[in-house]
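Open the model in your viewer and keep the selection tool ready. Each stop tells you what to pick and what to look for.

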Amino acid sequence: MTGTREPILSVRGLEKHFPIKGGGLIKRTVGAVRAVDGLDLDLYPGEVLGLVGESGCGKSTTGRAILNLQPATGGSVVFQGREIVGLGRKAMRPLRRDIQIVFQDPYASLNPRLPVFDIVAEPLIIHGLTKDETELRERVRTLVETVGLNPEHTNRYPAEFSGGQRQRIGIARALALEPKVLVLDEPVSALDVSIQAGVINLLEDLKERLGLSYLFIAHDLSVVRHISDRVAVMYLGKIIEVAPRDALFDAPTHPYTQALLSAIPLPDPRLERSRQRIIITGDVPSPANPPSGCRFRTRCQKFAGELSETQREKCLTVEPPLESRGPAHLSACHYAEATKVL
Amino acid sequence: MTITNNPDAGAPLLAVEDLNVRFPTEDGLVHAVRGVDYSLRSGEVLGIVGESGSGKSVTSLAVMGLLPGSARVTGSVKYRGQELLGLSDRAMSRVRGKGVSMIFQDPMTSLDPVYRVGFQIEETLRTHDKSLSSKAAEARAADLLAMVGIPNAAERVRSYPHEFSGGMRQRVVIAIAMANQPDVIIADEPTTALDVTVQAQILEVLQTALGETGAAMVLITHDLGVVAGIADRVLVMYAGRPVEVGGVEDIYYEPRMPYTLGLLGSLPRLDASTKQRLIPIKGSPPSVVNMPPGCPFAPRCPLHVAECDAVEPALVQVGSGHHAACIRIDEVAAAHGSAAKVFDAGSDDAVLGAEAPADLAAAAGTTDSGAPGDPVGERTDVGAGPATGSLLDPTTTPDGDRR
């Protein structure tokens, strides 16, 4: 897949550093939170790329930097052959037709003072895509129907809808401009499971029907396995492993991916109780001061348990690059080894 | 883990009977908990699962006597035979922490930011043992911190909560909950605010804590994976009531209530290699204000018949220690835990007829003036796909050629 096709979105060395200001009268910059610190990824037309990681690893910041909602501090984002990093608001606007975002919290991302019709119509009006009122009504109606809501209800306000329905409104708004790429930032994590399943099914249907590509950002690996074609795992602002879905889940090579998969409880009592679990120690280090060499070494079960003193030296001093471990399978570990954990 | 057969196994440690909680609001009386019964024996772990608003947290707050004064609580909560409902706050304080203690969801807010963590543990110890010297209390606090896996415990007792990460704070909360060796620990979503790798650590600490103290636990969560790992019995709540209760394997492999079956079917599985379509439950949970008669799940239930709307079904025994509140138990039993046999995978997206997609694709084709190379043709192809409902049929998904 990665061989012949051109990526629709190509990210190279993306950096987003937030300055830390010192105290006192003159606010000097005393350091930086390296939320995204040199990240590469490619999104191909028609694919779902899952981007997973724990809180604070920089996955949401990546999504926002790609859309230029929070301008990147370094690196490059090429979307359909155009460089996005450094573009101003005006220059960015025509590109926004083709790349849209759905936010995590459907209670915060919809304007409570606008009826649903206005929320969905707003992008169409801003981009001047409809000639008259009748056409606008027709398009909003189609959009609302497409996401599985009753078009009779478009004069209602967001407060009258449940969480799952609100998320569908957010999706309708994102689809209004007929984008080619959707960045989905934790689109279902605020929803209850019985509701979540409906929204996931909707996203899958829309992708097939409209030929969309998704960058699906989530912390729930079960959801990511379900929806993604490829999966990238982030740790402290970097991608540490990326692979086709089944390769990643069946034969993860990075110790962090292995620990992450192993930590997720399975809703199956017999299986869950008979599993061998890798439990890593500690918490994610501060992105303001990441460890030298390999960023994961402070929590790595392999570093702590298996490696000899001489092998560890490399982890301490050399940052491991993403290297090929199989077809389209890359991971950033000096001592990567495919292991079955599920 | 099985139910321990100790001498007083006949008398449950904690018995909740017909617990009802009502909150007066402007919209009317909100009947948040509508008749919860459960009993907990020593050493047992009872998982209470349900979606947000199902009344699982309110139930536990009622047991602990922590609801606001406006709440109207009726029924009975007995701890070792002693009735807790109606006890004065002072009398309740003697039970809280010592007999029954609680772990809250959010470790960022359940610790006091202005006191050192050691002090907060010592406070709990000295409330129940006035004769404890401050030196002994500090030593015990350090022991407790060490037990929940905090390194350098002797020094860390002097830290403030903000110096700890989320996982570390939750360890402190657990240390406080077990400080007085309670018989029952009520853990309300103890790992929901944490990352999965930290969740795994905390669940291990909890299990160690239970092992050390021999306490029984009520674990409230919405995560069916967490419950599968550590609960002995499971109680499923819906709209303020238990709708199914039974041994953990019965609930997961042989559920009898359509809601339980639906919940399990709507979960994406981490260990599923084939791409199966998720089975959502249509609609959303009912509001607990002025509930209509009949089964509260009926409007969302694929097995719904007219009889379901007449009267709310009571919990009936469906197996050894397994109860479910449904009049169509036999139909659910026939599914043997496979939600696809009862629920229709397409039901939630019923509004999405075959026309809607074609419409949008057509709209895309006529109005799209995008860049050259825009896959309009591809869109139309997909949109105008063959037969009615084909988009909802997983078997026709052109999935294989992309990998």
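Select H3(B). Its buried residues are B:Val117, B:Gly118, B:Gln120, B:Ile121, B:Glu122 and B:Thr124. Keep in mind that this is a predicted model.

What do these buried residues of H3(B) pack against? Add helix H4 (134–147) and helix H6 (166–178) of chain B to your selection: they are the packing partners.

Now check the length of helix H3 (residues 117–128) of chain B. Its twelve residues, at 1.5 Å a residue, should span 16 Å. The end C-alpha atoms are 18 Å apart, which agrees.

**Chain A as a whole**

Switch to chain A. Colour by secondary structure, and look for twelve helices and twelve strands. The radius of gyration is 21 Å, and the globule rule gives 20 Å for 342 residues, so chain A is as compact as a globular protein of that length. Rotate the C-alpha trace: along its principal axes, it spans about 75 × 60 × 45 Å.

Next, colour chain A by burial. Of its 342 residues, 54% are buried. Then turn to contacts in chain A with a separation of 6 or more: 66% of them join residues 24 or more positions apart.

**The four-stranded sheet**

Select S2, S1, S4 and S5 of chain A. They form an open sheet in the order S2-S1-S4-S5, and the pairing is antiparallel. Which strands sit at the edges? They are strand S2 (29–43) and strand S5 (82–83) of chain A, each pairing on one side only.

Zoom in on strand S1 (residues 9–21) and strand S4 (residues 74–79) of chain A. They run antiparallel, joined by five bridges. Pick A:Ser10, and find A:Val78 of S4(A) opposite.

**Two residues with positive phi**

Most residues other than glycine have a negative phi. The last two stops go the other way.

Select A:Asn68. This residue is not a glycine, yet its phi is positive, about 65°. Look for A:Asn68 in the loop between helix H1 (59–66) and S4 of chain A. Is A:Asn68 buried or exposed? It has 21 C-beta neighbours inside 10 Å, so A:Asn68 counts as buried.

Finish at A:Glu186, in the loop between strand S7 (181–185) and helix H6 (193–210) of chain A. A:Glu186 is not a glycine either, and has a positive phi of about 50°. Count its surroundings: 19 other C-beta atoms lie within 10 Å, and A:Glu186 is partly exposed. Being buried takes 20 or more.

Notes
Residues numbered from 1 in each chain as written. Chains lettered and ligands numbered in written order. Predicted model: local features only at pLDDT ≥ 70, side-chain atom pairs only at ≥ 80, totals over all residues. Helix = DSSP H or I, 4+ residues; strand = E, 2+ residues; numbered from the N terminus. Rg over C-alpha atoms; globule rule 2.2 N^0.38 Å. Buried ≥ 20, exposed ≤ 12 C-beta atoms within 10 Å, placed from the backbone. Contact = placed C-beta atoms within 7 Å. Pairing = 2+ DSSP bridges. Expected span 1.5 Å × (residues − 1).
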